[in-house]
Structure formats: C-alpha cells, structure tokens
Amino acid sequence: MVQVRMESNILGANELMARKNRNIFSREGVLAVNLMSSPGSGKTTILEKTIESLNGKIKIGVIEGDLYTDQDAKRIEQKGVHVIQINTEGTCHLDAGMVGKTFEQIPLNELDIVFIENVGNLVCPAEFDLGEDLKVVVISTAEGNDKPLKYPLIFREAKAVLVNKIDLLPYTDFSLEKIKEDIAGINPSAEIFLVSGRTGQGINEWNQWLLEEVKNKKS
Amino acid sequence: MHEFSLMSSMMDTVRESAVQNNIMQVEKIKLVIGKLSMALPDSLQFAFEALKKDELFQEAVLEIEEKEITCLCSNCQQSFMVNKNYYFVCPECASNKVEIIGGRELYIDFFEGE
C-alpha cells in the first residue's frame with residue numbers, strides 16, 4: 001500500500017488563471033466588477049441603468065455570462081458599450097479561464113471599468129475567483145430575507161450588496177432591518193445600497209461609489 | 001451544484017498522480033472540505049460513486065473530512081468558531097475585523113493504493 005500526499009487544491013487551476021486575469025486587469029488599469037445574484041434579481045436592469053448614468057464619464061465594457069442565450073448581451077449592446085458574450089453551455093458559473101479567453105476580443109486598455117455579469121446563481125459563482133477587483137451581490141426584495149444566511153459565502157466575499165426592487169418593498173414582507181443585520185454579521189464592511197433598477201432609485205449613490213473605486217484603482 | 005465537475009477534476013488529478021507513482025488501483029481518497037465552501041459532501045460522494053467506473057477507482061472509497069468555520073480576530077488575536085448564524089464577529093472583543101482561517105478548504109489530502 002502506498003500513500004501519496006497531495007494537499008492539492010481542487011480549484012487550483014482556476015486560481016492560477018484568476019491570478020493571470022488579475023495581473024492583466026491591473027496592467028491595463030481597468031476595474032473589474034463581478035456581478036452576482038440569483039436569477040431574476042435584476043443584474044441586467046441595474047447594469048443598463050448604471051451604464052446610462054456612467055456613460056460619458058468613464059469607459060465601460062461588459063462580459064456577459066449566460067447559460068445559452070445572448071439576450072442580456074443584446075440588451076447591453078443597445079447602450080453602446082463593448083459587450084462580449086460567454087455561454088457556459090450548462091455550467092452554473094463563470095470560471096477564470098472563460099473570462100481570460102474574452103480578453104482578445106475586448107479592448108481592456110481603452111476601458112476604465114469592466115462588469116462581469118455572472119450566471120444567475122448564488123452557490124457556485126462564490127467559489128470561482130475570476131480575477132476581479134471586487135464582487136458585488138444583488139438581492140431583490142421579492143426574494144425574501146433568507147438569502148444571506150442560506151448563501152453566506154457569496155455575501156462574505158462581496159464588497160457591496162445591492163438590495164434591488166426597493167420600489168416593491170411596501171408589497172412584500174421583506175425587512176430592511178433584518179437584511180442589514182444579517183449582512184452586518186456575515187460581512188460587516190460590505191457597503192449596502194438600496195436601489196431600484198426599474199425606477200432608478202439609489203442608482204446614483206451606487207454609481208458614485210463605483211466612480212470612487214475606479215479612481216482608487218487608477219491611483 | 002458543481003460537485004460533478006469538481007469530482008471529475010479531482011479524479012483527473014488523482015489519476016495523473018497514480019500513473020506517476022505506479023499505482024494501479026486506488027483504495028482510498030481523502031478530501032478536506034470546509035463548511036463555508038459551497039461543495040456538499042453528500043453530493044461529492046454521489047458524484048464519486050457515479051464516476052468511479054474505471055479500473056483505477058472501482059474499489060476506491062472516498063473519505064471526506066469537514067472543517068469548521070474558524071476565524072482569528074485581528075484585534076485581540078482570539079480564534080473562534082462560527083456556527084450556522086454566520087456571525088463573523090469576535091465573541092471576545094466584539095471586533096468585526098476577523099480573518100477566516102478555516103472553513104474554506106477544498107482539497108485532496110492524500111490517496112492510497114497499490
């Protein structure tokens with residue numbers, strides 16, 4: 001009987017690729033934002049509103065992750081920014097290799113910020129470092145309060161949490177107090193923004209924060 | 001959710017190492033999985049049973065050690081465990097500047113065979 005000690009990280013290959021991506025983002029001075037949420041919490045709508053408000057102030061690119069379709073990429077394209085589509089063909093998350101492959105098609109050196117819209121899922125994307133500068137989680141009031149405690153890793157990793165569909169708050173049992181309390185326990189330094197992709201409420205505060213992050217990245 | 005792809009890449013790693021070490025039959029694989037990782041031990045076991053069809057793995061058992069979520073307080077250096085409340089605040093000094101030192105593991109510890 002032979003025992004072979006491995007101590008080999010199962011995600012080691014992804015982490016190597018992520019480091020490579022991170023170096024490239026750094027070299028090009030572009031802020032990479034990994035946007036994650038459950039399906040239907042409003043990532044794409046927030047992105048549309050964000051682009052409308054930031055376009056002209058900074059140069060924006062988007063890497064769109066989706067299982068099979070390019071519906072979201074088409075919506076973003078109409079906003080006049082660089083969009084690259086990644087179809088994961090059934091895989092429930094983006095990985096660093098998939099993101100790295102898009103770099104040939106996206107002029108990173110001309111951009112200030114690149115949003116990576118992950119596949120709608122709160123489980124797997126949390127494990128896969130893409131080389132991004134910051135992770136942002138979107139949760140909507142319609143989803144209920146239980147998400148942070150059910151998916152702690154993704155909330156622990158997030159630098160900011162956007163609570164979306166805030167315009168629907170009066171029609172739900174969602175408690176802002178409870179969500180703030182749960183997030184504060186998991187990740188006390190996370191910024192929380194209350195937004196509505198539909199009405200545009202709160203988008204300005206979120207964008208000011210992003211502009212600050214872009215500035216910090218360049219300095 | 002991604003346990004099948006994790007298991008499949010883990011088995012590729014073991015297969016490669018088995019060849020290098022002249023091992024024809026793997027008897028045991030030991031994994032270490034942190035409780036904060038998003039991989040579920042039951043699903044990993046299921047994926048392993050479904051994937052271990054070839055000669056190298058057919059006799060192999062998978063052992064999974066789960067690791068608790070452990071934090072170290074950056075303020076008072078106290079280490080403490082985090083339970084299902086996922087409350088990452090030091091119980092000693094109430095500081096929220098804590099570093100996760102355990103619970104994110106996802107690695108192959110060793111394998112045995114001949």
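The following exchange examines how terms are applied to this predicted model.

User: What makes β1(A) and β6(B) a pair of strands across the two chains?

Analyst: Two strands pair if at least two bridges are found between them. Six bridges join β1 of chain A, residues 2-9, to β6(B), so the cut-off is met and the strands count as paired. Their sense is antiparallel. One of the bridge partnerships sets A:Asn9 against B:Tyr107 of β6(B).

User: How do you know which residues belong to the contact between chain A and chain B, and how many does each chain give?

Analyst: Residues are in contact if their C-beta atoms lie within 7 Å. By that rule, chain A gives 25 residues and chain B gives 27 residues. On the side of chain B that touches chain A, the elements with two or more residues are α1 (3-20) and β6 (106-113) of chain B. The most comes from β6(B), with eight residues.

User: What classes of residue make up the side of chain B that touches chain A?

Analyst: That side has 15 nonpolar, nine polar and three charged residues. Gly counts among the polar residues in this scheme.

User: Why are β4 and β8 of chain A said to stand at the edges of their sheet?

Analyst: In chain A, seven strands form an open sheet in the order β4-β3-β5-β2-β6-β7-β8, with parallel pairing. Both β4 (82-87) and β8 (191-194) have a single partner strand, so one side of each lacks a neighbour in the sheet. On average, neighbouring strands are turned by 20° against each other, direction ignored.

User: What makes β7(A) and β8(A) partners?

Analyst: Four bridges link β7 of chain A, residues 160-164, with β8(A) in the parallel sense. The requirement is at least two bridges, so these strands pair. Within β8(A), A:Ile192 is the bridge partner of A:Val161.

User: How do you know that β3(B) pairs with β4(B) and with β5(B)?

Analyst: Four bridges join β3(B) to β4 of chain B, residues 79-82, and four join β3(B) to β5 of chain B, residues 98-102. Each pairing reaches the cut-off of at least two bridges, and therefore both count. Both run antiparallel. B:Leu72 stands opposite B:Ser79 in β4(B), while B:Cys73 has B:Val98 in β5(B) as its bridge partner.

User: Which residues form the covered and uncovered faces of β3(B)?

Analyst: The covered face of β3(B), residues 69-73, holds B:Ile69, B:Cys71 and B:Cys73. B:Thr70 and B:Leu72 form the uncovered face.

Terms used:
Residues are numbered from 1 along each chain as its sequence is written. Chains are lettered from A and ligands numbered from 1 in the order in which they are written. This is a predicted model: local features need pLDDT of at least 70, side-chain atom pairs count only at pLDDT 80 or more; totals for chains, interfaces and linings use all residues. Two residues are in contact if their C-beta atoms, placed from the backbone, lie within 7 Å. Axes are lines fitted to C-alpha atoms, for helices over the stretch in contact, and angles run from 0 to 180 degrees between N-to-C directions. A residue is buried if 20 or more other C-beta atoms lie within 10 Å of its own, exposed if 12 or fewer, and partly exposed in between; C-beta atoms are placed from the backbone.
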